[in-house]
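Trainee: Could you take me through one part of this protein up close? I'd like to look at the nonpolar side chains, on the surface and inside.

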Amino acid sequence: MASLSPEKSTTVRTYFPPIPPAIRAAVGALDRMAPELVARGALRLWCRPARPAHRAVIPGGTPLRIGQMVGQVWGDGPTVVLVHGWGGHRGQLASLVGPLVAAGLRVVAYDAPSHGDSGPGDLGRRRTTLPEMMSALDRVVADQGPVRAVVGHSMGAAASALAVLDGTPVQRLVLVTPLADPSTYTVGFARTLGFGERTRHRFVARMEALAGRRLAELDVPVRAANADVPLPPTLVLSDRDDKEADHADGARIARAWPGAELVMSEGLGHRRILRDAETIKRIVAHVAQERHMSR
């Protein structure tokens with residue numbers, strides 16, 4: 001395989017809200033005395049998806065259960081799987097269901113382990129990892145396939161891309177506000193909580209041990225640039241006003257992914273993009289096309 005490492009963005013992002021100064025100060029003090037303790041606590045927090053304040057319900061559909069995972073199915077025709085992001089739920093992708101069904105597609109949406117209505121993941125209640133989200137998609141595809149397309153949002157987009165790179169068979173792929181590389185987000189996480197680089201390296205080592213994979217293996221652009229098998233035609237959608245994911249992540253992925261199409265919008269942010277009429281039209285047009293694998 002070729003050795004190629006696309007340029008990384010220096011923009012720092014984190015999923016976690018600002019931490020009160022007093023808590024940051026306490027973490028900083030503990031960090032100097034007990035970095036291993038801080039790293040262990042940070043990992044527990046990192047693996048704990050936040051629960052959304054409001055969980056929308058997608059009307060209709062047939063109930064779906066795959067192991068501990070809960071979902072719904074609508075329509076007939078080639079199958080499209082919708083994948084929500086970290087701390088999300090299938091209801092966040094509700095705006096896509098009607099248009100995809102109207103285009104003659106069968107739509108599958110599910111809640112990842114420890115998310116939404118689904119049961120706990122391997123780490124227990126309200127804890128999971130990116131590799132577990134990848135594995136969850138692979139199980140859904142195996143159960144519901146063959147799959148025409150996967151549409152992933154945010155961390156769900158990263159999980160979708162990585163699952164495909166690991167061999168999950170899909171014909172087309174859509175990545176909405178994707179995250180490119182989790183290691184860059186650990187920097188913002190450390191800054192938010194108030195611990196330093198020494199502890200961050202310990203935190204990353206613990207994360208890799210828990211996931212059973214090096215973080216370098218979860219860098220989507222690097223994996224895509226070094227892929228030695230054909231990858232599915234991919235549409236990447238990012239927004240310059242995204243406050244959660246760095247919009248440069250989408251550009252990095254699109255440059256590295258053979259034949260990918262990048263659409264960069266403005267003013268839609270991280271979540272409103274899912275309800276944007278033009279975005280939905282682009283997604284439906286992409287997944288409704290006949291299979292044509294890029295070379």
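Mentor: Let's start with a term: buried means under 20% relative accessible area, exposed over 50%, and partly exposed in between, using a 1.4 Å probe and protein chains only. Keep in mind that this is a predicted model, where local features need pLDDT of at least 70 and side-chain atom pairs count only at pLDDT 80 or more, while totals for chains, interfaces and linings use all residues. Residues are numbered from 1 along each chain as its sequence is written, and side-chain values use heavy atoms, leaving out hydrogens and water.

Now, Leu 37: its relative accessibility is 40%, so Leu 37 counts as partly exposed. You'll find Leu 37 in helix H2, residues 35–46 (helices are DSSP runs of H or I, at least four residues, numbered from the N terminus). On the surface, Leu 37 joins Leu 30 and Met 33 in a nonpolar patch. Such a patch takes residues with over 30% relative accessible area and no salt bridge (a Lys or Arg side-chain nitrogen within 4 Å of an Asp or Glu carboxyl oxygen), linking nonpolar side chains (Val, Leu, Ile, Met, Phe, Trp, Tyr) within 5 Å. Together the three have about 290 Å² of accessible area, by the Shrake-Rupley method with a 1.4 Å probe.

Inside, the largest nonpolar core has 60 residues, meaning buried Ala, Val, Leu, Ile, Met, Phe, Trp, Tyr and Cys joined through side-chain atoms within 4.5 Å. Phe 203 is among those with the most contacts inside it. Beyond its neighbours within four places in sequence, Phe 203 touches Ala 39, Ala 42, Leu 43 and Trp 46, among others, contact being heavy atoms within 4.5 Å.

Notes
Patch = residues over 30% accessible without salt bridge, like charges linked within 9 Å, V, L, I, M, F, W, Y side chains within 5 Å. Helix = DSSP H or I, 4+ residues; strand = E, 2+ residues; numbered from the N terminus.
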